[in-house]
Amino acid sequence: MNPIILALVTVVLGVIACVTYFFGSNWVLDRIYPDTGPNAGRNINRANAVRPWLFMLPAIAILGLYLVYPVFNSIWLSMMDRSRENFVGLENYRWMIADDKFQESLFNNAMWLIIVPAMSTLFGLIAAGLTDRIWWGNIAKSLIFMPMAISFVGASVIWKFIYDYRGEDQTQIGLLNSIVTSLGGDPQAWITIPFWNDIFLMVILIWIQTGFAMVILSAALRGIPEETIEAAVLDGAGPLTVFFKIKIPQIAGTIAVVWTTITILVLKVFDIVFAMTNGEWGTQVLANYMYRMTFIDGHAGRGSAIALTIMVLVIPIMIWNIRNALKENA
Amino acid sequence: MASLLLQNIAKSYGTVEVLKDIDLDIEQGELIVFVGPSGCGKSTLLRMIAGLEKITGGDLYIDGERMNDTPPSKRGIAMVFQSYALYPHMTVYDNMAFALKVAKMPKAEIDQRVRNAGKILQLTDYLDRLPKALSGGQRQRVAIGRSIVRDPKVYLFDEPLSNLDAALRVDTRIEIAQLKENMPESTMIYVTHDQVEAMTLATRIVVLNNKTHTIAQFGTPLDLYQRPENTFVAQFIGSPKMNLLPGTISAAQDTTTTIDVTAGGVATVPVSAAGLPSGTEVQLGVRPEDFVVAQPGDAVIFEGQASYTEKLGEVTVVYFTPRDGEDSVIAKIPGIADVSKGTQLSLTASPDKLHLFDASGHSFFYK
């Protein structure tokens with residue numbers, strides 16, 4: 001069968017199955033607890049207690065299958081050897097802790113974790129604060145937000161051209177090198193310079209995430225009651241005092257949510273490193289190292305151990321983030 | 001503790017004029033109320049005095065010093081906003097201390113001022129709380145406290161009671177009146193659309209006209225009630241609004257003028273319309289509460305059939321079937337009157353309670 005037709009049929013059948021499930025299960029529930037007869041009131045209450053579970057059941061089941069099961073499977077795998085057949089206990093973890101490349105990844109991840117969320121939030125806040133005051137602010141906002149629409153790999157390709165290096169005696173096509181050479185400097189192979197290459201990779205993610213931070217913070221800034229700002233002006237506060245003492249504290253919750261959301265994203269950073277350096281020249285990060293271990297070296301046990309490390313690091317931030325977001329909405 | 005002088009103040013947004021020809025001479029210690037219907041520019045005028053809106057014409061003087069281009073914080077004013085505008089992330093104490101901290105006042109003096117204001121406003125037990133843990137009335141008091149600590153020359157209030165429920169509004173109104181009594185030196189300007197607030201609080205009231213964008217009248221509350229300069233003020237102050245009965249002059253003597261009311265009825269008003277020929281169109285103003293049921297022998301000003309009555313116990317409000325193109329005539333009769341739909345009534349009023357306006361709405365009293 002033509003694959004397009006097959007796909008269409010699958011979609012239609014899937015939708016029909018969903019509709020049938022929700023209508024059908026609801027119908028059955030109404031038959032079991034009819035809203036008429038002697039126990040109508042009690043039946044309605046019982047049906048209402050059951051109904052949410054009925055409707056959420058498919059989602060819970062699918063999430064369980066694709067999220068919870070892999071976690072346990074990873075835990076199991078992380079205690080197996082390369083062949084995935086022999087149980088080795090905590091051997092993979094022992095290897096991991098002693099491994100130079102893992103330590104480098106952990107250190108790099110920590111650097112990413114400190115620099116990227118801080119800079120993205122800072123630039124986002126500055127952009128949000130400034131674009132609200134100028135007539136071409138919306139155009140500027142669109143431009144700053146646009147990188148959000150580019151995939152990480154796509155962004156990496158763009159930045160590869162910026163950092164590009166073509167040997168000492170060739171014409172430099174990289175934007176950065178052409179600026180450097182036009183100013184009389186020597187071209188550099190930017191992404192091979194230890195430590196600084198890390199920063200150059202982070203710039204890409206900051207470039208992408210600033211737009212996200214800006215949009216959320218801009219909405220938060222607009223939500224600040226205008227009268228509190230006028231009151232502060234009457235109280236003698238200058239623009240900087242108003243910004244730092246009146247505006248920022250009122251959007252502190254949103255800043256925290258933006259910060260932690262980017263933090264979680266950073267912990268999982270993979271694509272950029274994969275596309276730019278593949279972890280060479282001291283730029284390895286956990287997610288890329290996990291991929292490398294599992295699929296290049298073919299050692300799923302070690303890969304899983306690294307994966308679980310990432311998960312353990314993400315969970316507390318995640319919980320804090322969700323709590324903050326809930327508090328914002330309350 | 002200051003006098004204010006507004007000379008020819010105007011405000012326009014592009015070509016749209018929202019205020020013009022505003023001349024006010026406000027003395028130290030007055031409580032001036034700006035009142036008027038929605039869109040008359042009363043809040044805009046207040047915000048121009050505060051410096052939150054640019055003055056596009058005329059001059060503003062505080063204590064003789066021209067303030068048009070002085071930044072808001074240097075004008076010696078403090079403002080209480082309609083929404084209170086408390087800083088939500090600061091405690092009551094910090095809310096009140098903020099302006100003083102910005103001004104780099106010594107800590108000990110800040111503390112003394114804030115605690116003093118807290119005591120005046122009964123906020124001492126709440127100084128450590130955040131605004132969200134306060135009731136509406138308490139938030140209102142914090143907003144006032146934020147002004148008091150700065151000891152400004154002029155207090156500005158922008159509809160400060162409109163977010164409170166009815167009972168609290170009455171209490172807070174009295175509190176503001178007492179606050180003013182305790183600070184007889186300070187000058188206050190108060191914006192409201194509620195004429196009861198205006199009448200009870202003001203030393204003088206500024207009524208702004210939303211059609212002409214000018215001052216309709218500037219005077220004491222009782223002046224506005226007893227001697228409105230024009231039909232706009234006449235109908236704005238007092239509730240229900242003053243009845244305006246069209247009529248013509250039948251005889252203009254030196255000290256009195258006799259009017260033939262078009263709807264039937266005669267009235268003699270103790271003002272002079274000397275020089276005007278009989279037949280000149282005028283409007284006779286009678287407040288609903290000034291109407292009394294005519295006894296035999298009285299000159300009847302108005303006669304009509306009740307179309308609707310409201311018995312409030314204290315008074316009975318009677319609405320009469322309106323004539324074509326005119327408003328319903330309303331009478332407020334004391335007590336529970338034996339009037340219902342269809343009752344025929346003849347009304348009169350004491351001559352000194354009558355108002356007479358020319359066809360364009362100006363009072364003859366001021367001619």
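Start in chain B by selecting strand β3 (residues 31–35) together with β8(B): the two run parallel and are joined by five bridges. This is a predicted model, so keep its confidence colouring at hand while you follow the tour.

**Chain B: around β8**

Within that pair, pick Leu31(B); the residue opposite, in β8(B), is Met188(B). Next add strand β7 (residues 154–158) of chain B, which also pairs with β8(B) in the parallel sense, over five bridges. Here Asp158(B) is the residue to click, and Val191(B) in β8(B) stands opposite.

Now show β8(B) alone, residues 187–192. Are its residues buried or exposed? Six of the six are buried, and the strand is mostly covered. Colour the two faces separately: Thr187(B), Ile189(B) and Val191(B) lie on one side, with Met188(B), Tyr190(B) and Thr192(B) on the other. Both faces are covered.

**Chain B: the strands β1, β4 and β5**

Move to strand β1 (residues 4–13) of chain B and strand β4 (residues 57–62) of chain B, an antiparallel pair with five bridges. Select Gln7(B) and you will find Asp59(B) of β4(B) opposite.

From β4(B), go on to strand β5 (residues 65–66) of chain B; these two are antiparallel as well, with two bridges between them. Tyr61(B) has Arg66(B) in β5(B) as its bridge partner. Two residues lie between the strands of this hairpin, and Asp63(B) takes a positive phi near 55 degrees.

To put these stops in a wider frame, select residues 4–237 of chain B, which an unreviewed UniProt entry lists as "domain: ABC transporter". The span is 35% helix and 25% strand, and its end C-alpha atoms are 25 Å apart.

**Chain B: a five-stranded sheet**

Further along chain B, display the open sheet with the strand order β15-β19-β16-β17-β18, which has antiparallel pairing. Which strands stand at the edges? They are β15 (292–293) and β18 (330–334) of chain B; each has a single partner strand, so one side of each is left without a neighbour in the sheet. The partner of β18(B) is found by selecting strand β17 (residues 315–320) of chain B: the two pair in the antiparallel sense over five bridges. Val315(B) is bridged to Pro334(B) in β18(B).

**Chain A: the largest pocket**

Switch to chain A and turn on a surface. The largest pocket holds about 790 Å³ of space. It is lined by 26 residues, and those closest to its centre are Leu67(A), Val71(A), Ser74(A), Ala307(A) and Met311(A). Select α2 (40–77), α13 (286–296) and α14 (300–329) of chain A to see the elements that give two or more residues to the lining. The largest share, 10 residues, belongs to α14(A). By class, the lining has 19 nonpolar, five polar and two charged residues.

Why does this pocket lie between two domains? Domain 1 (3–77) and domain 2 (92–329) of chain A both give residues to its lining, so the pocket lies between them.

**Chain A: the second largest pocket**

The last stop is the second largest pocket, with a volume of about 540 Å³. Of its 20 lining residues, centre the view on Gly129(A), Arg133(A), Pro239(A), Phe243(A) and Lys247(A), the closest to the pocket centre. The elements giving two or more residues to this lining are α4 (100–131), α8 (196–222), α9 (226–234) and α10 (239–250) of chain A. Colouring by class shows 14 nonpolar, one polar and five charged residues.

Terms used:
Residues are numbered from 1 along each chain as its sequence is written. Chains are lettered from A and ligands numbered from 1 in the order in which they are written. This is a predicted model: local features need pLDDT of at least 70, side-chain atom pairs count only at pLDDT 80 or more; totals for chains, interfaces and linings use all residues. Side-chain values use heavy atoms; hydrogens and water are left out. Two strands pair if DSSP finds at least two bridges between them. Helices (H or I, at least four residues) and strands (E, at least two) are DSSP runs, numbered from the N terminus. On a 1 Å grid over the protein atoms alone, a cavity is a set of points where a 1.4 Å probe fits but cannot get out, and a pocket is an open set with protein on both sides within 12 Å along at least five of seven lines; lining residues have an atom within 4 Å of a point. Grid points are joined across faces, edges and corners, and a volume is the space filled by probe spheres set on the points. Ala, Val, Leu, Ile, Met, Phe, Trp, Tyr, Cys and Pro count as nonpolar, Asp, Glu, Lys and Arg as charged, and the others, Gly among them, as polar. Domain bounds come from an automatic or database domain assignment. UniProt positions are given in the numbering used here, feature names are shortened, and annotations may be inferred rather than shown by experiment. Buried means under 20% relative accessible area, exposed over 50%, partly exposed in between (1.4 Å probe, protein chains only).
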